[in-house]
Amino acid sequence: MSALLTWVAAIGGLVFGMWLLTRSADWFVDGAVVLACRLRMPPLIIGFTIVGFGTSAPEMLVSMLAAAQGMTPLSLGNAYGSNITNVLLILGVSMLVAPIALHRVALRRDIPFLLLVVALTAALAVRGSLTRADGVLMLVLFAAFLAWQIGLACARRAPEVCDAAGPMPLGRALGLTFGGLGTLLLASQVLVWAARFVAEHAAAAAGITPQATQLIVGVTVVALGTSLPELMASVSAMRRGQHDIALGNVVGSNCFNICVVAGLALVIRPIKEGEMLDALRFRDVFVMLGTTLLLWGAGLWAWLRVHGQKRAVTLGRAWGIPFLALWLAYTLWVVLGTRS
């Protein structure tokens, strides 16, 4: 009877969590947009910082707890899997909702920095170990880039940055932003618990080893669950025409995941030689590198198409469908290919 009640609670958690995610994402984006206007900051920077970092809080909490408990595959699998999910699933869905506008600054600065740290992570991971010094290096790189971002935004902000603040007071905008974020994180945790329960029981029934189950759950179920705040925030932003927030959310979240989430996990518990699964070392880090290259390449291709014309650089449904197809293929690869 207790097992039946647990299954009922898991299914109920999935339904309730999804509804709560949708509502809180709308509150969060509405507040973030007004906050950007009040602070006279470009929406891209708000998306990169407040929205991107805030929606990455689940990844950080899950990875830190996993590292503290010695569950290295789950910790890094969560961070790397979330990055892959952010690019392929979240941007793919966002492109289906509406074309994503790409500012040239994102192509020249933000995405190249993300590509740099992902390539550095791949180069470090192939050694078979990741040290505490590697984690500190990632944290320092991220802090320097963030300071540079904010400094440039403050130096260049102008009155025309945003004119949609409306009559909403600053206090209410702050309440919507951080109250919506808190509810978003709570709803994501409900969904993570329910999805993890189902996935772990299915893996046990299939005879998959506990260590491999950690990796599968980390790069699929937990990565998807902890990426749900990014998904709902990005979709909500796209429906409201805030393309900069949607793109900044994904790029900011990925930088946060690879530098801060994985960096802190390594500071807490470095990975010694022989502790890293080959699937994580040779598959997931390079899929993450490939998806980042894909995003940058798609953006450059779109920019070359409109170069010299007074048209926005956009990625639409023609890119969204392949992105989603690649995410489904990767998920199947992880589930069917990670057996031991």
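Let's start with A325, which counts as partly exposed, at 43% relative accessibility. This residue belongs to helix 11. Keep in mind as we go that everything I show today comes from a predicted model. Now look across from A325 to G92: the two are 233 residues apart along the chain, yet their C-alpha atoms are separated by 9.0 Å.

That pair leads nicely to the overall picture. The protein has 11 helices and 2 strands. If you walk along from the N terminus, the order of elements is α-α-α-α-β-α-α-α-α-α-α-β-α. There are 340 residues, and 55% of them count as buried. Take the contacts between residues at least 6 apart in sequence: 88% of these join residues at least 24 apart. As for the outside, the accessible surface is about 14,100 Å², with 70% of it belonging to carbon and sulfur atoms.

Let me go to the other end of the chain for a moment. Helix 1 covers residues 2-38, and V34 sits in it. Is V34 buried or exposed? V34 counts as buried because its relative accessible area is 6%, and the cut-off for buried is under 20%. V34 also has a partner from far along the chain, L170, which is 136 residues away in sequence, with 7.9 Å between the two C-alpha atoms.

Now for the inside. The largest nonpolar core contains 60 residues, and L76, Y80 and L130 are the ones with the most contacts inside it. Which elements give two or more residues to this core? They are helix 4 (72-97), helix 5, helix 6, helix 8 (210-239), helix 9, helix 10 (278-305) and helix 11 (317-337). Helix 9 gives the most, with 11 residues.

Please zoom in on L130 with me. Setting aside its neighbours within four places in sequence, L130 is in contact with L76 and Y80, and also with L124, A125, L266, P270, I271 and M276.

One of those partners, P270, deserves a stop of its own. You will find P270 in the loop between helix 9 and helix 10. Its relative accessibility is 21%, so P270 counts as partly exposed; the cut-off for buried is under 20%. Not counting residues up to four places away in sequence, P270 touches L130, T131, R132 and E275. P270 and G135 are 135 residues apart in sequence, but from C-alpha to C-alpha the distance is 8.2 Å.

Back to helix 9, where I'd like to point out N254. What is its status, buried or exposed? N254 counts as buried, because its relative accessibility is 1%. Leaving out neighbours within four places in sequence, the contacts of N254 are S82, N83, N86, V87 and L114.

Last topic: the empty space. Rolling a probe the size of a water molecule over the atoms shows where such space is left. How many cavities of 30 Å³ or more does a search of the whole structure find? The search finds 3. The largest has a volume of about 60 Å³.

And which residues line the largest cavity? Going along the sequence, they are Y80, T121, L124, L130, D134, M138, I258, A262 and L266. You may recognise some of these. Y80 and L130 were among the residues with the most contacts inside the core, while L124 and L266 came up as contacts of L130. By class, the lining has 7 nonpolar, 1 polar and 1 charged residues.

In terms of elements, helix 5 (104-125), helix 6 (132-156) and helix 9 (243-268) each supply at least two residues of this lining. Helix 9 gives the most here, with 3 residues. So if you take one element away from this talk, let it be helix 9: it gives the most to the core and the most to the lining of the largest cavity, and it holds N254, which counts as buried because its relative accessibility is 1%. Thanks, everyone, and I'm happy to rotate the model for anyone who wants another look.

Definitions and conventions
Residues numbered from 1 in each chain as written. Predicted model: local features only at pLDDT ≥ 70, side-chain atom pairs only at ≥ 80, totals over all residues. Heavy atoms only, no water. 1 Å grid on protein atoms, 1.4 Å probe; cavity = no way out; pocket = protein on both sides within 12 Å on 5 of 7 lines; lining within 4 Å. Points joined across faces, edges and corners; volume = space filled by probe spheres on them. Helix = DSSP H or I, 4+ residues; strand = E, 2+ residues; numbered from the N terminus. Nonpolar A, V, L, I, M, F, W, Y, C, P; charged D, E, K, R; others polar. Core = buried A, V, L, I, M, F, W, Y, C linked by side-chain atoms within 4.5 Å. Buried < 20%, exposed > 50% of the residue type's maximum accessible area, 1.4 Å probe, protein only. Contact = heavy atoms within 4.5 Å. Areas by Shrake-Rupley, 256 points an atom, 1.4 Å probe, with all protein chains shown as cover.
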